[in-house]
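Visitor: I would like to go through this model with you and ask, for each label, what justifies it. Could you show me the chain before we begin?

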Amino acid sequence: MQAKLPGGNGHLSPNLHLNEIAYLGAHNSPMSKCYGWKYTQQNVSITEQFEKHGARHFKFPLHWHVEKGVPQIVIAHEGDGGSNCKLSVLQRLFTDPESASHRLKELFNLAYKYPNEIMIVKIESKLTEHTKENGTLGQNESDDDLKLHNLLVELNAPQRAITFQDNNPPTLGWCRENQKNILITIEPRGQIGDYLLKYTHYSYDVSCQVNYNLDPLEDVKNGDLLNGKTWNPFLEIHLYAENALKQKLKQKLPFVTDKYNDYSHVKKRFKQFNTHCNKMPNFILADYVDQGNPSKAIDEVNDIINKNGCFKPELL
């Protein structure tokens, strides 16, 4: 058993199942100022997100981008997967997007450096959107499946990938004994073909996502569920509203990340959704995980679970 790390789980009881503990998530983790993004959702590197600020869930949006006439899998952030990353280039002040292999390699290296730490990788794929602009016109979904699989194989991800059937995630002890510590989830379902199916999961077969309010300071008052379903083994909530920038511009709000990620606010939100959903939240996603110290609340939740065998909201 390893020493306790911020937001970590390598020190927790081996009898706990993966869905019985909480994880801090770095929403759009590669969209960081340190990687050249001007429109950002993180400030620090993926390594710092993991080691210093306790992130264990990492969202990666993947797109095609033509480079020297050849489509490459890159990190990008926009709704249109067929645009050849037009918006992302603007968000990077006319700099081409990074290769996905660079940032994924940084993340998977951490899985090997910290073999007892469970991490969750959520891939949001736009690779199934084929256009002339992104160089993939005529490509089929089988090609997408194989090319993403080859990228993950190149980075040694499948060797440590966690798989399970239905709502039965393994224990931390089983993962440690079998050297499995990367849970890879992917959306949309169409991205997962014969190759990826062997070691990845469709994101929404694994985790139910909770909607969040438009006002980043008011959403703790409610807790609507996506389609009202919580049957998935994991429950995912967001600490920071996706449209906080719009709120800032429209209502002249201050940029409230530090308050929104604050320990007391995270605790309030965690307990609120536990009550509303009748299920403990697992993935607690945040923008700018280096602000507000959200991992402190995650550590307190996991300490309660570790000492009592389950989460007891009255102790938080």
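Visitor: Why is Glu-48 called partly exposed?

Guide: A reminder before the answer: this is a predicted model. Glu-48 has a relative accessible area of 27%, and because the partly exposed class lies between the limits of 20% and 50%, Glu-48 is assigned to that class.

Visitor: What makes the pairing of Glu-48 with Lys-52 a salt bridge?

Guide: The closest N and O atoms of Glu-48 and Lys-52 are 3.6 Å apart, and a salt bridge requires a side-chain nitrogen of Lys or Arg within 4 Å of a carboxyl oxygen of Asp or Glu, so the pair qualifies. Lys-52 itself counts as exposed, because its relative accessibility is 55% and the exposed class begins over 50%.

Visitor: How many salt bridges does that rule give?

Guide: The count comes to 11 salt bridges. Among them is the one in which the side chains of Glu-187 and Lys-122 meet at 3.5 Å, N to O. That pair links distant parts of the chain, with Glu-187 in strand E5 and Lys-122 in strand E4 (residues 119-125), 65 residues apart. Both Glu-187 and Lys-122 are buried.

Visitor: What is special in the backbone between Glu-187 and Pro-188?

Guide: The peptide bond from Glu-187 to Pro-188 is cis, with omega near 0°. Pro-188 is placed in the loop between strand E5 (182-187) and strand E6 (201-202).

Visitor: Why is Lys-126 called buried or exposed, whichever applies, when its side chain meets that of Glu-129 in a salt bridge?

Guide: Lys-126 has 18% relative accessibility and counts as buried, because the buried class covers values under 20%. Its partner Glu-129, at 29%, is partly exposed. The side chains of Glu-129 and Lys-126 meet at 3.9 Å, N to O, which is within the 4 Å that defines a salt bridge.

Visitor: Which residues are linked with Arg-103 in a network of salt bridges?

Guide: The network links Glu-98, Arg-103 and Glu-106. The charged end of Arg-103 also sits over the ring of Tyr-35, 3.9 Å from its centre. A further example is Arg-160, whose charged end sits over the ring of Tyr-112, 4.5 Å from its centre.

Visitor: How many aromatic pairs does a search of the whole structure find?

Guide: The search finds 6 aromatic pairs. One of them joins Phe-50 and Phe-58, which are stacked at 6.4 Å centre to centre with 15° between the planes.

Visitor: What makes the pair of Phe-50 and Phe-58 stacked?

Guide: Ring centres must lie within 6.5 Å to pair, and planes under 30 degrees apart count as stacked; the values of 6.4 Å and 15° for Phe-50 and Phe-58 therefore meet both conditions. Phe-50 counts as buried at 1% relative accessibility, and Phe-58 is buried with a relative accessible area of 0%.

Guide: Another stacked pair is formed by Phe-234 and Phe-283, at 4.9 Å centre to centre and 15° between the planes. Phe-234 lies in strand E8 (residues 234-238) and Phe-283 in strand E9 (residues 283-286), 49 residues apart, and the pair links distant parts of the chain. Phe-234 and Phe-283 are both buried, and ring pairs join them with Tyr-23 into a cluster.

Visitor: How do you know whether Ser-83 is buried or exposed?

Guide: Ser-83 has a relative accessible area of 15%, and because this is under the 20% limit, Ser-83 is classed as buried. Ser-83 is found in the loop between strand E3 (70-75) and helix H2 (86-91). A polar contact of 2.7 Å joins its side chain to that of Glu-78, and a polar atom of the Ser-83 side chain lies 3.4 Å from the backbone nitrogen of Cys-85.

Visitor: What is the sign of phi in Lys-68 and in Tyr-288?

Guide: Phi of Lys-68 is positive, near 55°, in a residue other than glycine, and Tyr-288 likewise has a positive phi, of about 50°. Lys-68 is exposed, because its relative accessible area is 87% and the exposed class begins over 50%. Tyr-288, with a relative accessible area of 7%, is buried, and its place is in the loop between E9 and helix H10 (295-308).

Note on methods: Residues numbered from 1 in each chain as written. Predicted model: local features only at pLDDT ≥ 70, side-chain atom pairs only at ≥ 80, totals over all residues. Heavy atoms only, no water. Helix = DSSP H or I, 4+ residues; strand = E, 2+ residues; numbered from the N terminus. Buried < 20%, exposed > 50% of the residue type's maximum accessible area, 1.4 Å probe, protein only. Polar contact = N/O pair within 3.5 Å; in protein donor to acceptor, adjacent residues only side chain to side chain. Phe/Tyr/Trp six-rings, centres within 6.5 Å; stacked < 30°, edge-to-face > 60°. Lys NZ or Arg CZ within 6 Å of the ring centre and 35° of its normal.
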